[in-house]
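Take a moment with the chain below. Turn it on the screen, then follow the text one element at a time.

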Amino acid sequence: MKLAERMNRLGTETAFEVLVRARALDAQGRDVVHLEVGEPDFDTPGNIIEAGAHALQTGWTHYGPSAGLPDLRAAIADYLNRSRGTNYAGDNVVVTPGGKPIMFFVILALLEAGDEAIYPNPGFPIYESMINFTGATAVPSPIREEKDFALDVDELEALITPRTKLLIINSPSNPTSGVLNRQEIERIAQLAVQHDLTVLADEIYSEIIYEGEHVSISTFPGIAERTIILDGFSKTYAMTGWRLGYGAMPLDLVPHINKLMVNSNSCTSMAVQRAGIEALTGPQDEVKAMIAAFQRRRDLIVDGLNAIPGISCHRPKGAFYVFPNITATGMTSKQFADYLLNEHGVAGIAGTSFGSYGEGYLRLSYANSDENLVKALERVEAAVKSAQTVAV
Ligand SMILES: Cc1ncc(COP(=O)(O)O)c(C=O)c1O
């Protein structure tokens, strides 16, 4: 079969490939600690499951409006305004099966050959993949350990050209868990206004923050009309498998993103959307407990990694990833990630799976039990010790 040329430009998300390889080792009877996929290990809170099941039993089994149920769109706008201080109405919101389609649709709707889009590197791999897919030029904005894995705004400014159309930011971020502070976000907002850029603000980890505050770029003057907030239920409500996310955007973009929904999914599952209403309007205690558990585990894994000679690990303020520096092993990121999985039974992701600036790092998701994290730390220590001999 002769594929379209654009398929050569589409990338992928390595986490899913590593998961398949790690599961194949599980099937052979190997004991693997899974720190590869970015999802909460907790189950979806019971009240949300009940709302979804009840919806299925009471007739929510049909097609619905492509942009989402009006009640859910209104609940999302209300949640954003409460939690971020934004000023959205339900009509600004498009509901999608997961947050990822918002990335896909917005990039597809805005970019074409000749445009440039700036994206974080290392960053969520789908940004670069989708920019390339449209034929636009993907311009990496390096995310550096020296800057606490926040974006260097001076460096960002130097990357803006008259062709720059879209700027993607992600805070708290995947894979580094870096968090942008208010001053940094404000300067980015000023640059976007000054250079007439559209901003895709991926805020999917906004609730998973341990120190400081989550600041949404949409709250700065002149910016909401050029910003799309991407968020969803996957991480905050442990709902990755349900597939429920959304974008909040200027009203004039809504019909276009809606048209992409009509052309691809028709609509998001009705029962899942009903569960989403319960998630936003019901009790939030389980979310709080989950975040407290993540914070404890963050300290466990960061302290544990820093105690291993040859590894250094920054203590992130949000999300549930650590991005330890593994250069002292003498291996590349890919070599060390493969070695750690194949020889020591810990599945993690090479930093380079998130872009070229991820060389020298490994991404580990600590959304796992304390017991598994302790086991993983022992194995990482053994791997680092033996890697130093293997690499010479
Ligand atoms: C930064 C970032 N954005 C978006 C997504 C997509 O999330 P969803 O499962 O809602 O599609 C992820 C998932 O890993 C992510 O890490």
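Which residue in β6 does I169 stand opposite? The partner is A201. Keep in mind that this is a predicted model.

Start with strand β5, which covers residues 164–170. Six of its seven residues are buried, so the strand is mostly covered. Look at one neighbour, strand β6, at residues 198–202. Five bridges link β5 and β6, and the pairing is parallel. To get from β5 to β6, the chain passes through helix α7, residues 182–194. This β-α-β crossover is right-handed.

Now look at strand β3, residues 116–121. Three bridges tie β3 to β5, and these two strands also run parallel. One pair is easy to find: I118 has L167 of β5 as its bridge partner. In general, side chains in a regular strand alternate between the two faces of the sheet.

Next comes the loop between β5 and α7. Two prolines here deserve a look. P172 sits in this loop, and the peptide bond that leads into it from S171 is cis, with omega near -15 degrees. P175 is found in the loop between β5 and α7 too. The bond from N174 to P175 is cis, with omega near 15 degrees. Why point these out? Most peptide bonds are trans, and most residues other than glycine have a negative phi.

The second half of that rule brings us to F149. Its phi is positive, about 60 degrees, although F149 is not a glycine. Find F149 in the loop between β4 and α6, the helix at 153–159. Is F149 buried or exposed? Its relative accessibility is 4%, which is under the 20% limit, so F149 counts as buried.

A238 is another case. Its phi is positive as well, near 50 degrees, and A238 is not a glycine. A238 lies in the loop between β7 and β8. With a relative accessible area of 8%, A238 is buried.

Stay in this loop for two threonines. T236 lies between β7 and β8. T236 is buried because its relative accessible area, 6%, is under 20%. Leaving out residues up to four places away in sequence, T236 touches I204, E207, V287 and M290. T240 is in the loop between β7, residues 227–232, and β8, residues 245–248. What does the side chain of T240 make a polar contact with? The partner is the side chain of E39, at 2.4 Å. With residues up to four places away again left out, T240 touches E39, P40 and S234.

Move to helix α5, residues 125–134. Eight of its 10 residues are buried, so the helix is mostly covered. Among the buried ones are I126, Y127, M130 and F133. What do the buried residues of α5 pack against? They pack against α4 (100–110), β3, β4 (137–142), β5 and β6. That list takes in β5, where this tour began. After α5 comes G135, with a positive phi near 90 degrees.

Now think about the nonpolar residues inside. The largest nonpolar core has 94 residues. F233, L305 and F336 have the most contacts inside this core. Take F233 as an example. Beyond its neighbours within four places in sequence, F233 is in contact with ten-odd places worth tracing, including L72, I76, M239 and Y246. A238, the alanine with the positive phi, is also in contact with F233. Another core lies apart from the largest one. This other core has 26 residues, among them I185, L191, V199 and I223.

Cysteines come next. C267 is buried, with a relative accessible area of 12%. C313 is buried too, at 9%. How many disulfides does a search of the whole structure find? The search finds zero.

Finish with a second style of pairing. Three strands form an open sheet in the order β9-β12-β11, and here the pairing is antiparallel. The edge strands are β9 (321–322) and β11 (349–350), and each pairs on one side only. Two bridges join β9 to β12, residues 362–365. Across this pair, V322 stands opposite L364.

Key. Residues numbered from 1 in each chain as written. Predicted model: local features only at pLDDT ≥ 70, side-chain atom pairs only at ≥ 80, totals over all residues. Heavy atoms only, no water. Buried < 20%, exposed > 50% of the residue type's maximum accessible area, 1.4 Å probe, protein only. Helix = DSSP H or I, 4+ residues; strand = E, 2+ residues; numbered from the N terminus. Pairing = 2+ DSSP bridges. Right-handed = clockwise from strand over helix to strand, strands pointing away. Disulfide = S-S within 2.5 Å. Core = buried A, V, L, I, M, F, W, Y, C linked by side-chain atoms within 4.5 Å. Contact = heavy atoms within 4.5 Å. Polar contact = N/O pair within 3.5 Å; in protein donor to acceptor, adjacent residues only side chain to side chain.
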